[in-house]
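Trainee: I would be grateful for a close look at one part of this structure, beginning with a pair of packed helices and continuing to whatever lies around them. Please explain each step formally and in order.

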Amino acid sequence: MTVRTRFAPSPTGMLHIGGVRTALFSWLYARHHGGTFILRVEDTDRERSTDEATQVILDGMQWLGMTADEGPFYQTRRMDRYREVIDQWLVEKKAYRCYCTREELEELRAGQMAAKQNPRYDGRCRDRTDVREGVPFVIRFKNPLDGTVVVDDQVHGRVVFENTQLDDLIIARSDGTPTYNFCVVVDDWDMAITHVVRGDDHLNNTPRQINMLRALGTTPPVYAHLPMILGSDGAKLSKRHGAVSVLQYQEEGYLPGALLNYLVRLGWSHGDQEVFTLEEMIQYFDIKDVNKSASAFNPEKLLWLNQQHIMKAPVSVLSDGLREQLLLLGVDTNDQSLLEGVANILRERARTLKEMAQTGLYFFRDFEQYEEKAAKKNLTADAMPILAALEAGLAALTEWDAVAIHEVINIVAAQFNVSLGKVAQPLRVAVCGSAVSPPIDATVALLGKASVLVRLQRAHRYIA
């Protein structure tokens, strides 16, 4: 059997990390088994679905690298197919027209509540043969009246539902539009889905869908319902916890591999390993190893993982991301050598590419002012002769590299009989604007001779 999984988001809101983790587990399972991963946009809710949310889904999946083998498919483009199945079921007596009015249904519900019964449709139109002229009708599926539905869930284990607790589901509204649960069934059937990986909020929909799949004469797929992701405080994940559009993580400078690495560890593990490449995730992942308990979102852990991935990423990946972040700061540069140099020199320190761009901004444009405390401490009258000697020594260099620059710093330190720090710190503040930077020799080398000399002259004027 060829494994066929699907990710089927609804574009009624932004794609956030809960949806991304569902997509990831589905994608990994297909990739692990050499199967097929399908992207399907469930956009039948036309009032709430938006083009913007649909585009975020497509852009987010592309950024994350979770390419689909088939799709994207759109439910709104399959309406004729849904109507075809509904018409067939009406002929086969597997579905029926329900003429119950809103008032009648509200009266039924009130009576059941008063009798302390679970509110549910009682099937009063199930065997109806007459037509109520002028009364709008919906189409309901004839759910079995007895027996059980057993879901051998890959995460939660064996779950049993009594058919007596399931009423006859509406599969088409009074305006003729098909409903979510019905469309899902037809889609999974037509697309030959073998494994459905989704959130456990869908578990209660599963017995109804299984019954409809059996009415179609097909074997239901294997189901795996993932536990929720909670905030660090145990509450339902919200924007303040990180439930934002996945593309915001791109804007904040996270690497896609780091985000996927973090999400795969929310409910799944492989020994004590924390940092995974995409290839390792595909190799090791098995849906049966997913924990049934909810996981907590920890933004600090995500930041840590992102830094681990930054330290190991190819410099070309970092330089591309750094350039995008610099554009957001108003800096447009195509100096690939400088971008790669800055990415390499800052990769050990930066937790995000956004942080890399912000802390390394002085490499790409001159700073407007010195950090006040750093300047007060380091750009002093005592530092004036040291900076002058540095300027002379650096100006005389014919080879501009970290080794030659380091030698100049050593010579100046020996000339004034001071520690290297007494030379490096004034130089650092003069050329970077603050007392913090990567190794000063490498920093000065990257800044370039012309820029460094101009900034040293400005430091002289500042002290004077």
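Mentor: Helix 8 and helix 10 (residues 299–312) pack with their axes 9 Å apart, at an angle of about 135°. This is a predicted model, and the description should be read as such. Angles of 65 to 115 degrees count as roughly perpendicular and those over 145 as roughly antiparallel, whereas about 135° falls in neither class, and helix 8 and helix 10 are therefore oblique to each other. In passing helix 10, helix 8 makes a right-handed crossing.

From helix 8 the view moves to an aromatic group. A pair of aromatic rings is described by the distance of the centres and the angle of the planes. Twelve aromatic pairs are found in a search of the whole structure. One of them joins W268 to F276, a tilted pair with 5.5 Å from centre to centre and 55° between the planes. Both W268 and F276 are buried. W268 also forms a tilted aromatic pair with F285, at 5.6 Å centre to centre and with 45° between the planes. This pair links distant parts of the chain, 17 residues apart: W268 is in the loop between helix 8 (256–264) and helix 9 (278–284), while F285 is in the loop between helix 9 and strand 12 (295–296). F285 is buried, as is W268. Together with F25, the residues W268, F276 and F285 make up one aromatic cluster.

Aromatic rings also take part in contacts with charged side chains. The charged end of R140 is placed over the ring of Y121, 3.6 Å from its centre. R458 lies over the face of Y370, and here the distance to the ring centre is 5.4 Å.

A second pair of helices may be set beside the one with which we began. Helix 5 (residues 180–190) packs with helix 6 (residues 206–215) at an angle of about 50°, their axes being 10 Å apart. An angle of about 50° is neither under 35 degrees, which would count as roughly parallel, nor within 65 to 115, and so helix 5 and helix 6 are oblique to each other. The crossing of helix 5 past helix 6 is right-handed.

The backbone after helix 5 deserves attention. Most residues other than glycine have a negative phi, and most peptide bonds are trans. A192, in the loop between helix 5 and strand 9 (195–199), has a positive phi near 55°. Its relative accessible area is 40%, and A192 is therefore partly exposed, as that term covers values between 20% and 50%. K93 likewise has a positive phi, near 65°, and is found in the loop between helix 3 (79–91) and strand 4 (95–98). K93 has a relative accessible area of 58% and is therefore exposed, the cut-off being over 50%. K116, just after helix 4, takes a positive phi of about 60°. The peptide bond from G71 to P72 is cis, with omega near 10°, and P72 lies in strand 3 (residues 70–74).

Helix 4 itself allows a check of its length. Helix 4 (residues 102–114) has 13 residues, and at 1.5 Å a residue it should span 18 Å; the C-alpha atoms at its ends are 18 Å apart, so the two values agree.

Finally, some residues may be compared by their place in the sequence and in space. S319 is located in helix 11 (residues 315–328). With a relative accessible area of 0%, S319 is buried, because buried means under 20%. The C-alpha atoms of S319 and L338 are separated by 8.9 Å, and these residues are 19 residues apart along the chain. A424 belongs to helix 17 (residues 420–432), and is buried with a relative accessible area of 12%. A424 and D441 are 17 residues apart along the chain, with 8.6 Å between their C-alpha atoms. D233, in turn, is in the loop between strand 11 (229–230) and helix 7 (246–251), and is partly exposed, with a relative accessible area of 45%. The C-alpha atoms of D233 and R214, 19 residues apart along the chain, are separated by 42 Å.

Key
Residues numbered from 1 in each chain as written. Predicted model: local features only at pLDDT ≥ 70, side-chain atom pairs only at ≥ 80, totals over all residues. Heavy atoms only, no water. Phe/Tyr/Trp six-rings, centres within 6.5 Å; stacked < 30°, edge-to-face > 60°. Buried < 20%, exposed > 50% of the residue type's maximum accessible area, 1.4 Å probe, protein only. Helix = DSSP H or I, 4+ residues; strand = E, 2+ residues; numbered from the N terminus. Lys NZ or Arg CZ within 6 Å of the ring centre and 35° of its normal. Expected span 1.5 Å × (residues − 1). Axes fitted to C-alpha atoms, helices over the stretch in contact; angles between N-to-C directions. Left-handed = near helix turned anticlockwise from the far one by under 90°.
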